[in-house]
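Load the model in your viewer and keep the selection panel open. The stops below go from internal space to packing and then to two single residues.

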Amino acid sequence: MQSAASAAASVELRGKRSSTRAAQRLSHHDLETAAWLCALPCAIVTIAAVVLLGPLLGELIGGGAERYAPVPDYRGAFRPEPTEHARYLIALGGPLLYVGALLSAPRWLARVPSRAAGLAASATQVLLAAALIACVIAQYRTTYGELYTTRLTLTVRYFTPATLVAAAAIAAALVIAIRRTELRARAVALLRDTRMRRIGAGAAAVAMTAVWMLQAVHSDHSIGMSPYDVWFHAEFTLDEAFAILNSRTPLVDFTAQYGSLLPYITALAMRAFGEDVLTYTIAMSALSGLALLAIYGVLRRVTQSALAALLLYLPFLATSLFIVQGTPASHSTVGNYFSAFPTRYAGPFLLAWLTARRLERSGRGTSLWLLFTVGGLVLLNNADFGVPALGASIAAVLWGTGDLSRRGMRQLAVGLAAGLATAFVLVSALTLARADSLPELNRLVDLAGVFTVGGFGMLPIAAVVGLHLVLYATYVAAIAVATVRALRSASNRVLTGMLAWSGIFGLGSASYFIGRSHPYSLKFGFSTWALAIALLTVVALRAVAARPTRRPAIATVIVLIGFGVTACSLAQVPLPWSQIERLNAPFVPSAEMPNPNPLVPPNDPDTRTFVASLADGPSRFVVKDGAPVAILIMTGHRVADAYDVVNVSPYTGLRSMPTIERVDAVVDALRAAGGNTVILPNPLPTSFLRLLAARGFEVATDDGLQPWVPGKTRPVRMPWPDGGSVVKMVDTRSLHPRALQ
């Protein structure tokens, strides 16, 4: 997505300053008309390119899947989607084509009869409304089969008819209120900023954010009673923090699945306040809350009114933490899916706030060097969202400042290069201090390659028409409005820049859904969509206020209905007392989680000895503090930290090891560290046993080490809190390991 932002910049540059000045000479009305006249032809060209060129481009970019050798039991989960990915890359070119067409408007708009232009613009808005209605209706008709769910079929209705009716009522109420002179005057007076209103609105934003984030707080005891997807996904990010506590260093000897830098913050909190799930979830919730409040800061700078920002922020907050599944008292949301909030979103939203601060102060605030240093750190934490966030900030600076002079572009390039270099130096200093090694940047995209190129866990889009197109259209609209505002040098630079930011970041981060197109995955993008809606709502309300006697444009009504939809998400607010009761409730066993404290390593001495001991010969096992062991369960690094050994696995359990190359990497790491013991969850895919056996490992049984023979070998099984057990394999090529010498 960074390339998309850079391409957008080059499109503007190719327009030359003379073209930009000509565009600025067009009236506001002419620019709006030109924007609508460009929309339909660009959409048709983009759709044609997606349909016709997608398969060809897919063949060109789809040749890398063969370099990943799947673990046999996971082979069915490898579903490369080169054509679908290629089509999305082409779709990303649609907004760039649109910006280019709009920049050329001064050369052709005068030749279009004004009456015909007006009719075409109105017709385009009608077609847009019809297309969006079709997309909303499609959510009620689309069903997801066995590829997407363990049930027979799955139907996901993101927004119910009642929600849509209420949203339309909210939009109508806003239009009526603004068109009435007396009510408009009262609103202006009420929204005027004062010190007390800033304090009150800020306190309300903090309080409501804390209330919403309560649902993400869990203890070791309560997490076992949460929905399956909550505790299952929490294991990944929890183990990333424990990997740091267990002396592993991301980007050096540990490959994080989600975040390479953010786990340092949670690890510090856990070291200071307690190495348990409660401390971890409080720290993650606090980081998520700060990320969300950064957007409140953005909206306050956009509106120059703390109260107006609060009114926009609360629907954004509610939609960002949209319920994924579960009951009102115990459910999963985007907020307690920690790989989204805060791991992916915290850095980009902080970057958005710094970008808005830069635009607000006309270059006197956050320097480009600092801005892009943070952007580089965001990228080095998680490339999935870091690349589009960095590209979005570049675009926001270009759209917001409008400085396309050689001096301005040189300053931007120097600031970008210096910031990225500083970020790399900072991370290098960290890895050198911890592991005496520079960061290995290939680890940043290692797992992304397994997913995107190899196709692991990928799911196709179930239906072409659906709510995902509404999100795409919203991001394109944000870029379009930002472009129109930039061409007419609109006074609110922050609004212009942040519209561009939300559109670029939205398009880039949507790759998450395009890759794994599960209906629940779409909800993880609602936060960015809600931000774009909030910013477009500011434009829409000001358009109504500027022409109170005229009927609002169809596009304006569409935006206000979208805002109404986000406002209806406030009905999902978690009740604080119910969340406190949840934390204190007695454990109730379930089929998915029969035991309390499922993520806590057992205190049983026999289990500890079994897991932590290294083989010293064919029948003798020795426990030694700090010994290297490969513990391949989901919370393996927490177990190692509790048992005073080092988990040398560079991954978070078997779930992060879908390829044979990753199995070999674990074996290599274990042998390089001088160890010989592997701990595996049971039951487990038999292919892992077969792969380790082929590399010289034997199973620990009551009769000593035995070669693994399917159906005959009976390993020693130690019960584990998640309801399963663990087994042990030993490297017979190193029965007297270096770690015990």
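A cavity here is a set of grid points where a 1.4 Å probe fits but cannot get out. The model is predicted, and a search of the whole of it finds four cavities of 30 Å³ or more.

**Stop 1: the largest cavity.** Select Y144, Y158, G466, L467 and H468, the residues nearest the centre of the largest cavity among the 18 that line it. The elements that give two or more residues to this lining are α6 (114-141) and α19 (467-487). The space inside the largest cavity comes to about 150 Å³. What is the division of its lining into nonpolar, polar and charged residues? Twelve are nonpolar, six are polar and no residue is charged.

**Stop 2: helix α6.** Select 114-141, one of the elements just named. The 28 residues of α6 should span 40 Å at 1.5 Å a residue, and the end C-alpha atoms lie 41 Å apart, which agrees. Now colour the buried residues of α6: A117, A121, T124, Q125, A129, L132, C135, A138 and Q139. In an α-helix, residues three or four places apart point the same way, because there are 3.6 residues a turn.

**Stop 3: the nonpolar cores.** Select Y313, F349, M498 and W501, which touch the most other members of the largest nonpolar core, a set of 157 residues. Centre on M498 and show what it touches beyond four places in sequence: V298, V302, A352, T355, A356, L359 and L535. Then move to a second, separate core of 30 residues, where L654, V663, V667 and L680 are among the members.

**Stop 4: S725.** L680 leads on to the next selection, as it is one of the residues in contact with S725. S725 lies in strand β11, residues 725-731. Is S725 buried or exposed? Its relative accessibility is 12%, so S725 counts as buried, the limit for buried being under 20%. Leaving aside neighbours within four places in sequence, the other contacts of S725 are P681, N682, R717, M718, P719 and W720.

**Stop 5: P72.** Finish in the loop between α3 (28-61) and α4 (82-103), where P72 is found. P72 has 35% relative accessibility and therefore counts as partly exposed. Which residues does P72 contact, leaving aside its neighbours within four places in sequence? They are S687 and L691. For a distance across the model, draw a line from the C-alpha atom of P72 to that of A540: the two are separated by 54 Å and are 468 residues apart along the chain.

How values were computed:
Residues are numbered from 1 along each chain as its sequence is written. This is a predicted model: local features need pLDDT of at least 70, side-chain atom pairs count only at pLDDT 80 or more; totals for chains, interfaces and linings use all residues. Side-chain values use heavy atoms; hydrogens and water are left out. On a 1 Å grid over the protein atoms alone, a cavity is a set of points where a 1.4 Å probe fits but cannot get out, and a pocket is an open set with protein on both sides within 12 Å along at least five of seven lines; lining residues have an atom within 4 Å of a point. Grid points are joined across faces, edges and corners, and a volume is the space filled by probe spheres set on the points. Helices (H or I, at least four residues) and strands (E, at least two) are DSSP runs, numbered from the N terminus. Ala, Val, Leu, Ile, Met, Phe, Trp, Tyr, Cys and Pro count as nonpolar, Asp, Glu, Lys and Arg as charged, and the others, Gly among them, as polar. The expected span of a helix is 1.5 Å times one less than its number of residues. Buried means under 20% relative accessible area, exposed over 50%, partly exposed in between (1.4 Å probe, protein chains only). A nonpolar core is a set of buried Ala, Val, Leu, Ile, Met, Phe, Trp, Tyr and Cys residues joined through side-chain atoms within 4.5 Å. Contact means heavy atoms within 4.5 Å.
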